[in-house]
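Me: Please take a close look at chain B and the surfaces through which it meets its neighbours. A single connected account, with the criteria behind each term, would serve best.

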There are 4 protein chains.
Amino acid sequence: MAQKVRVAVVGASGYTGGELLRLLASHPHVDITLVTAEKHAGKQVQDVFPSLRGSVGAQPLVKADASEIRAQADFAFTALPHHTAASVVAELWTAGMPVVDLSADYRFEELSVYEAWYGAHPRPDVIPQAIYGLPELHRERIRGAKLVANPGCYVTSAILALAPLLRDGLIEPTDILDDAKSGMSGAGRSASEEMLFSEVNEGFRPYKVANHRHQPEIEKELSTQAGGTEVRVTFVPHLLPINRGILSSIYCKPKAGVTVKEALEAWDRAYGGEYFVRLVGQGKVPNPGHVRGSNFCDLGLHFDERQNRLILFSALDNLVKGASGQAVQNMNLMLGFDETAGLDRFPIFP
Amino acid sequence: MAQKVRVAVVGASGYTGGELLRLLASHPHVDITLVTAEKHAGKQVQDVFPSLRGSVGAQPLVKADASEIRAQADFAFTALPHHTAASVVAELWTAGMPVVDLSADYRFEELSVYEAWYGAHPRPDVIPQAIYGLPELHRERIRGAKLVANPGCYVTSAILALAPLLRDGLIEPTDILDDAKSGMSGAGRSASEEMLFSEVNEGFRPYKVANHRHQPEIEKELSTQAGGTEVRVTFVPHLLPINRGILSSIYCKPKAGVTVKEALEAWDRAYGGEYFVRLVGQGKVPNPGHVRGSNFCDLGLHFDERQNRLILFSALDNLVKGASGQAVQNMNLMLGFDETAGLDRFPIFP
Amino acid sequence: MAQKVRVAVVGASGYTGGELLRLLASHPHVDITLVTAEKHAGKQVQDVFPSLRGSVGAQPLVKADASEIRAQADFAFTALPHHTAASVVAELWTAGMPVVDLSADYRFEELSVYEAWYGAHPRPDVIPQAIYGLPELHRERIRGAKLVANPGCYVTSAILALAPLLRDGLIEPTDILDDAKSGMSGAGRSASEEMLFSEVNEGFRPYKVANHRHQPEIEKELSTQAGGTEVRVTFVPHLLPINRGILSSIYCKPKAGVTVKEALEAWDRAYGGEYFVRLVGQGKVPNPGHVRGSNFCDLGLHFDERQNRLILFSALDNLVKGASGQAVQNMNLMLGFDETAGLDRFPIFP
Amino acid sequence: MAQKVRVAVVGASGYTGGELLRLLASHPHVDITLVTAEKHAGKQVQDVFPSLRGSVGAQPLVKADASEIRAQADFAFTALPHHTAASVVAELWTAGMPVVDLSADYRFEELSVYEAWYGAHPRPDVIPQAIYGLPELHRERIRGAKLVANPGCYVTSAILALAPLLRDGLIEPTDILDDAKSGMSGAGRSASEEMLFSEVNEGFRPYKVANHRHQPEIEKELSTQAGGTEVRVTFVPHLLPINRGILSSIYCKPKAGVTVKEALEAWDRAYGGEYFVRLVGQGKVPNPGHVRGSNFCDLGLHFDERQNRLILFSALDNLVKGASGQAVQNMNLMLGFDETAGLDRFPIFP
């Protein structure tokens, strides 16, 4: 085995940071050489993630600037809040360090769209350097990339279902509805009353109705997939009382004359050779409970003949294929590893 | 206090039967004088519902035919499987006994629609006698009724949100989508592998996609509300890993020129005086966790301006307003009690 | 009906406050005339408890001092943090207002025990006025009381199981172990990372091992019940990933010659006439899921013959019999109402 | 890499069978060449475990007798019901095939103890061949074994906590209490009303109180560890509303003069070099939510000075270290692989 690549996890106190540590700890080709945190600096990883007690758990959480990160690692994952990420990533990029950024800061080519939803961008000059990190759509560009913007969780779920149909011009691009449901880890680890166990458990609620910033991200990427045609999506996220997992129920209209068979064939063409996308097959449905802890995205398709509506279901683990697993997949491509390295495990069920 | 009415709960082993017992046990104007069951006959109520230990719990579960029910009670609730209900209800009706039937057997005026989804009806002759038991829409007819067909849980949730808008001609009647989510008690109490705790917990799945028999029930009632105009709904139910509660996320299109204000006013007119329908107000969302154990239905409305889509949210407890609570509300009307008798309790939270 | 008593709920933002409002809203003999809060003053009840939307929900949350409380109500419940409660309660008591205090501040006759666990007491002079509010043990004294200290949730669960056995001298008083498990609402409503849904769900953990301040409360009350004999209990609480409910698994040793039958008879004598204590019967076990939302405490008894250990199980809803329901029961006694008024509802299941 | 070992999973429809498939699918040194099932024969693995969709999921479920198993595999795991296992295992053993048996059939050296709890044993002649598969206690004997009896889940949890203390004579051997709590996957995958989601969720209950057959298994193994001294344990299991995980809260008495420090040192000596046992350290507690999906067992120790009670907490995943993970660990020893092969992953959190 060749020498291992030294990786840094920058911002490791939240759930995506912890998930990166979990996945990287058993990755065959990397060593975690630096783990940074702000608030928890001075503690050990296992103080914030008792689940990681052991080798990775004993690592210190440190504050580190870009030059120190550059000194101690060959590759960085940034799991920082939006805006903070932009600056740190820009410095790492300037220092020549390959980075996968899990924030939204480098996901939008168009600055105006970013700024409409996230506010001013501290380093717009670096934006053109970033590749959108959805390997099933942009594999070749990711291979050569130095800066990869890891997609949002809801976004990955929606795009994997819709991209082949839009690419092949099978559905109406402006009559799409995504009724999405996410487990609570997607809402982050910051303490707030509305995220307390007792507030959430045995309930279910929509939030940011048709006003979530994953909507423009879904639309801009799908428009790209549709060859520049404008794509419009009504996006309504809901919070499920489960830890992990997204199910997107997506409703769209086939163009005149398009058959269900053609839609299924488009999926087959797109994903027949993809390890991480599983087509569940006729009469079956995806369930986030069947991808838990894994990098799989499960897709299923139904047709409401009476109403001429295609109904797509897409399930993934928001912390894995929706965040840290996809980030590792991107690193694998960037560094020339087998794309499934460290990710070739089946979901935990039940 | 006047003499109490003697009521029978026919078919008390399932969740709706148990919920009837819970609600009736503290109803001020009735005595539970008969509780029937098939499989569990010979046991006591508390053997199948330890939660009811106490006065109601000590009652025996007996097998009883229509004449015995008639002898021992003045009013009957039937919580039996479809088809079984049809026969028992017909006999009770023939014997002159007022009944609220919680099955689907008397919900469809049109026999053909019933038979397309449920199979042959054993007593089509009795169908015309039944009134559809949604008090907020049919209060006056329920007051004089002898036989009330209690609506389905998903159906109540959808109709309460949509009826005012269709009645006033504010939305397109054939472009409606109901992405509905229900707690597991809605799936009944029969043992099956797919309903085991470990199969359901930490997961979420659609089922009977665009093929659930609540769809024709929603459509026929909404068509009535729309003055006979055909209403078409794509209905996709999902199962939530919670005990109780439905959230319907309903997507529809306002007719040209219709404003959100008009939609809200239609709701206000319809429900301003209704005790059991609560409008959550602008910027808020209903949550089944906030109606748990109560007969309330909470409604909220959002508007996706970009896509010109109205988004309605409707939340209720599938066992109360979606079944047994509404049944008691119907009884209250039929017997001239205060409509809220036995139902005037706030939800349990958390 | 005689005129209703005007009650104030002082400190209504937390779960016990909300539960008081839920129970009092349908209590036949009281009107809620004042609802106080600190942080949320200026909002309405339904802003902090959307479940209470409706009549009680529309009430304002106000800041109020003792004199204003006295002016607007005839009876007060105080659901305030420890120490804050002590002062407010003392003022209310001085002003001649009957109070049920849900804090720990007046539960300990011995100041030194209180201060060892809670710190300095601002008004030790008022302590002798308080009656310990466990109606099944102190009913007659509560009837005449002006100030009732409502017991802790774990404490009620443990005492109801153990008191009859200690009173009758059937078990060893210093070899008692209480392995208790509580739902998350018992941990309060303050935002903290360790109480976030994702931290709690799918987990289970002990806390404050043999160091929880309900231990001295259990011991002092049981010592009283044992006629002054010292009682010692190892108390180990755990947090269950459920909203409501306590199960105490209590292990003790029968004194030489004592039979299981005698233990059961002691329970029968103590609770045969009690509405709120239910003995589950041989071979059965209590389950907090069977008392949800109700004021019942379910008790079950097993015997490990090989080890000569009595095993007692006690289940209650920590927010009802463990807090607000018991507080209402105390008020009923203090004001001469039927003891079950407002509390005569069966649990919600499932 | 040397040629992979061909393994058979015999009885793959239940949760421990599925977990074996999950773990073996990414084990570096084995190929799953045969997967057997009775009821589901003819289907594919992914029909009973949609989570395993992919390479392992496409494998057929077949009926196979011992000779066919022997022909198609070099090593077998048997995850069959008690009694059925005994016969199949005996045949495989006779045919010279190395086996890890996950049933209880070969766990008891003393036939009489087995038969008292499980009934007649079909092949008592094979019992002496079996080694009890708890690697941390019997590593060397497992290395040479052809037949390993994999321990029970509760048993592993209890023994790992207690064995070092009994071995070193630090605690009283006959005053031990194990109040254990298990997730629902421990109760199996057979449909029954009491295991339905709605029956279990939001509840918690003891079962088989001081009458569970893991009790004799705990006692016999601990007696061995204690050098033949009789060990007696009161064992009371409870069911947690979570999918996976056991927490054992174990109460025992230090012998006169024994200090907490000595107890901790005994654990350090026993587990300092063990990869799969993690000592959580002072003031901390194990939580099954922190070992989910992993082969770790986390141990914590507290002391109730007032009562002179040692309180041990032991947490593991009942399907991994409590069953299938330990089975793979045993295979690794039997076949001379690295003991952590296929098991070196951190838990999934949250």
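Reply:

**Chain B and its two interfaces**

Six salt bridges are found across the interface of chain B and chain A, a salt bridge being a side-chain nitrogen of Lys or Arg within 4 Å of a carboxyl oxygen of Asp or Glu. One of them links Asp179(B) to Lys181(A), with the closest N and O atoms 3.1 Å apart. The count of residue pairs in polar contact between chain B and chain A is 24, both residues being at pLDDT 80 or more. A polar contact is a pair of N or O atoms within 3.5 Å; within protein, one must be able to donate a hydrogen and the other to accept it, and residues adjacent in sequence count only if both atoms are side-chain atoms.

The model is predicted, so local features need pLDDT of at least 70 and side-chain atom pairs count only at pLDDT 80 or more, whereas totals for chains, interfaces and linings use all residues. Residues are numbered from 1 along each chain as its sequence is written, chains are lettered from A and ligands numbered from 1 in the order in which they are written, and side-chain values use heavy atoms, with hydrogens and water left out.

On the side of chain B that touches chain A, the elements giving two or more residues include strand S7 (176-182), helix H9 (214-225), strand S12 (297-304) and strand S13 (309-316) of chain B. Helices (H or I, at least four residues) and strands (E, at least two) are DSSP runs, numbered from the N terminus. By class, this side of chain B has 20 nonpolar, 13 polar and 13 charged residues. Here Ala, Val, Leu, Ile, Met, Phe, Trp, Tyr, Cys and Pro count as nonpolar, Asp, Glu, Lys and Arg as charged, and the others, Gly among them, as polar.

In all, 46 residues of chain B are in contact with 46 residues of chain A, contact meaning heavy atoms within 4.5 Å. Together the two chains bury about 3,800 Å², 53% of it on carbon and sulfur atoms; buried area is the accessible area (1.4 Å probe) that two parts lose on being put together, summed over both. Glu202(B), Phe204(B) and Arg306(B) lose the most area to chain A within chain B, together 18% of what that side buries.

Chain B is superposed on chain A by a rotation of 180 degrees with 0.0 Å of shift along its axis (RMSD 0.0 Å), the fit being by least squares on the C-alpha atoms of residues with pLDDT of at least 70 in both. This is the relation of a two-fold axis. Both copies use the same surface, since 100% of the contact residues of chain B recur in chain A.

The second interface is with chain C, where 36 residues of chain B are in contact with 36 residues of chain C. These chains bury about 3,000 Å² between them, 58% of it on carbon and sulfur atoms. Arg53(B), Phe346(B) and Pro350(B) supply 25% of the area that chain B buries against chain C, more than any other three residues.

Between chain B and chain C there are four salt bridges. In one of them, the side chains of Asp298(B) and Arg53(C) meet at 3.4 Å, N to O. The interface also holds 14 residue pairs in polar contact, both at pLDDT 80 or more. Helix H1 (15-25) and strand S11 (277-279) of chain B are the elements that give two or more residues to this side. H1(B) provides the largest share, four residues. By class, the side of chain B that touches chain C has 14 nonpolar, nine polar and 13 charged residues.
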